[in-house]
Amino acid sequence: MEEGRQQAPEGDAVLTRIGQAVMLHRGGDREEARNRLAALWREIEQDGAPFHRCALAHYLADTQDDPLDELIWDLRALAAADALTGALVPRAFLPSLHLNVAAGHLKLGQEEAARGQLALAREAAGALGEDPYGDGVRAAILRLTLVLEGAAED
């Protein structure tokens, strides 16, 4: 992969389009957000920068109605993150990405797979900062841990 394809410079058009679709989703227009993100995915799927594919798949997961589709997009986001190299490796994003995959497995009743991904989220949590984002991800890891512990007791 050529060096320029890995970079996600500030103000780039793909990130702008992702942001616009996310705003639609947060504003309540889930279907239009999903349509726009899916169209963008078709454009960049084959040769887009891994950073873009990671962000796009992450947000596409959030717009899915079917839990299996959501998990598939979360797995794509994680795979794209794994393809990043150098300074663009989103170490602080990995706990959240693994957590999303764990939650997806749990929604599908796949508790062992959920536990495995949750363990990876915990391992990666050391990269989180002491800030609201890091606090939120750590709290979500704890919540999912408690849910899985409750499931194990049943």
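**Notebook: helix H7, the cores and His58**

I began with helix H7 and noted that Glu112 and Glu123 are exposed on the other side of H7, that is, away from the buried residues that I list next. I keep in mind throughout that this is a predicted model.

I then looked up which residues of H7 are buried, and found Ala114, Gln117, Leu118, Ala121 and Ala124. Looking down the axis of H7, I see these buried residues within an arc of 120°, so they line one face of the helix. The general rule I recalled here is that an α-helix has 3.6 residues a turn, so residues three or four places apart point the same way.

I also checked the length of H7, which runs over residues 111-124: its 14 residues at 1.5 Å a residue should span 20 Å, and I found the end C-alpha atoms 20 Å apart, which agrees.

Next I turned to the chain as a whole, where I counted 8 helices and 0 strands, so that reading along the sequence I wrote down the pattern α-α-α-α-α-α-α-α. The chain has 154 residues, and 40% of them count as buried. For the surface I noted about 8500 Å² exposed by the chain, with carbon and sulfur atoms supplying 52% of it. Among contacts between residues at least 6 apart in sequence, I noted that 58% join residues at least 24 apart.

Which residues touch the most other members of the largest nonpolar core? I found Ile18, Leu56 and Leu97, in a core of 24 residues. The elements that give two or more residues to this core are helix H2 (13-26), helix H3 (30-44), H4, helix H5 (67-83) and helix H6 (94-107). I then listed a second, separate core of 13 residues, which includes Ala102, Leu118, Ala121 and Ala125; Leu118 and Ala121 were already in my list of buried residues in H7.

I followed Ile18 further and, leaving out residues up to four places away in sequence, found that Ile18 touches Leu37, Leu40, His52, Ala55, Leu56 and Tyr59.

My last entry concerns His58, which I located in helix H4, residues 50-62. Is His58 buried or exposed? I take His58 as buried, because its relative accessibility is 19% and the cut-off for buried is under 20%. Again leaving out residues up to four places away in sequence, I found that His58 touches Ala77, Leu97 and Asn100; of these, Leu97 is one of the residues I had noted as touching the most other members of the largest nonpolar core.

Conventions
Residues numbered from 1 in each chain as written. Predicted model: local features only at pLDDT ≥ 70, side-chain atom pairs only at ≥ 80, totals over all residues. Heavy atoms only, no water. Helix = DSSP H or I, 4+ residues; strand = E, 2+ residues; numbered from the N terminus. Buried < 20%, exposed > 50% of the residue type's maximum accessible area, 1.4 Å probe, protein only. Contact = heavy atoms within 4.5 Å. Expected span 1.5 Å × (residues − 1). Arc of directions from axis to C-beta. Areas by Shrake-Rupley, 256 points an atom, 1.4 Å probe, with all protein chains shown as cover. Core = buried A, V, L, I, M, F, W, Y, C linked by side-chain atoms within 4.5 Å.
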